[in-house]
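Biologist: Before I accept any label placed on a model, I would like to hear the reasoning behind it. Could we look at this one together?

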Amino acid sequence: MKYFLPLTDPILELCEISLKLSGLQILDAVSIGVPQGTVTGLIGPNGAGKTTVFNVISGFVLADSGTIKVDGKKQKHVHPHHLTKKGIARTLQGVGLFPTMSALENVMIGGSSQVRSGIIAQALAMPWTDVEQNRLRAQSMAVLGELNIADAANRLPGELPYPIQKRVALARALVSDPQVLLLDEPAGGISAADISELAELIRSWVPKRTVLLVEHHMELVMEVCDLIWVLDAGKVIAAGTPDEVRRDPAVLAAYLGEDGAT
Ligand SMILES: Nc1ncnc2c1ncn2[C@@H]1O[C@H](COP(=O)(O)OP(=O)(O)O)[C@@H](O)[C@H]1O
Ligand SMILES: [Mg+2]
């Protein structure tokens, strides 16, 4: 079938991943590949299973069957705390920042599993040594600076405008210097101007990093992706270049009647 593309150099591969939750088939033999150094899109109507794919890759949920390969190596259960050690980082749909920690501390959490495991324990107890903490703080400030939000460092997430919160969440994913970045709707709730800056930013990361992008804003997806996989009701229904996917009748049919997918 057309969507089993010949993939060169995939850094991340899902092979026949299936998952049932509460008796419902949420993912049904999903096979997708992410070629190294590309921006690869994962799109589909609401409820298609995109965030669940990210949850499976990051070990938040365990698939019933199928395999995941990172850099050609089959993964046993990846513990979420060890994800950054595998060179993978993700953002959460929304922002998912800790509300009582400053922007800087939130970003430091993203780099903390390089130091020690137990992200939540660290968030609560901060058992970092001074040296570790100073190094992480400097790295985190540098990433905030790269994203032009250094002046937000000491503010709580709730004090910051939503687009800035989204950047803090991005910084938290970037601070571990991941090879593979999983972005779950990074453009959700931000303005057209911010989306166009985001597009530039995403393209600036490749080919050094590889990006798997879940996004509802079709313009952004079509602009930044080299390759797109389309999921509908837990199944891959299409794949190809932005132009191929845009014209695919199965994709158009899947999106019919769906709000916010334009
Ligand atoms: N823990 C769960 N139990 C049962 N169903 C779930 C659970 N988590 C997600 N789902 C369902 O799985 C489907 C896919 O969800 P999700 O991956 O969030 O979709 P998307 O990110 O593509 O919008 C949805 O129908 C959702 O309701
Ligand atoms: Mg989602």
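Biologist: Which residues touch the most other members of the largest nonpolar core?

Modeller: In this predicted model, the largest nonpolar core has 49 residues, and Ile202, Trp205 and Val211 touch the most other members. Trp205, for instance, touches Leu170, Leu174, Leu181, Leu183 and Val211, leaving aside residues up to four places away in sequence. There is also a second, separate core of 29 residues, with Leu19, Val70, Ile88 and Leu212 among them.

Biologist: What makes Thr51 and Gln93 count as donors to the magnesium ion (ligand 2)?

Modeller: A donor must be an N, O or S atom within 2.8 Å of this metal, and Thr51 (OG1) and Gln93 (OE1) coordinate the ion at 2.1 to 2.2 Å, so both qualify. Thr51 lies in helix H1 and Gln93 in the loop between strand S6 and helix H2, so the pair ties together parts that are 42 residues apart in sequence.

Biologist: Why is Thr51 called partly exposed?

Modeller: Buried would require under 20% relative accessible area and exposed over 50%; Thr51 has 24% relative accessibility and therefore counts as partly exposed. Gln93, at 44%, also counts as partly exposed.

Biologist: How do you know that H2 is largely enclosed by the rest of the structure?

Modeller: Eight of its nine residues are buried, which leads to that conclusion; they include Leu104, Val107 and Ile109.

Biologist: What makes the approach of Gly47 to ligand 1 a polar contact?

Modeller: The cut-off for a pair of N or O atoms is 3.5 Å, and a backbone N or O atom of Gly47 lies 2.8 Å from an oxygen atom of ligand 1, so the pair qualifies.

Technical notes. Residues numbered from 1 in each chain as written. Chains lettered and ligands numbered in written order. Predicted model: local features only at pLDDT ≥ 70, side-chain atom pairs only at ≥ 80, totals over all residues. Heavy atoms only, no water. Core = buried A, V, L, I, M, F, W, Y, C linked by side-chain atoms within 4.5 Å. Buried < 20%, exposed > 50% of the residue type's maximum accessible area, 1.4 Å probe, protein only. Contact = heavy atoms within 4.5 Å. Donors = N, O, S within 2.8 Å, 3.2 Å for Na, K, Ca; no water. Helix = DSSP H or I, 4+ residues; strand = E, 2+ residues; numbered from the N terminus. Polar contact = N/O pair within 3.5 Å; in protein donor to acceptor, adjacent residues only side chain to side chain.
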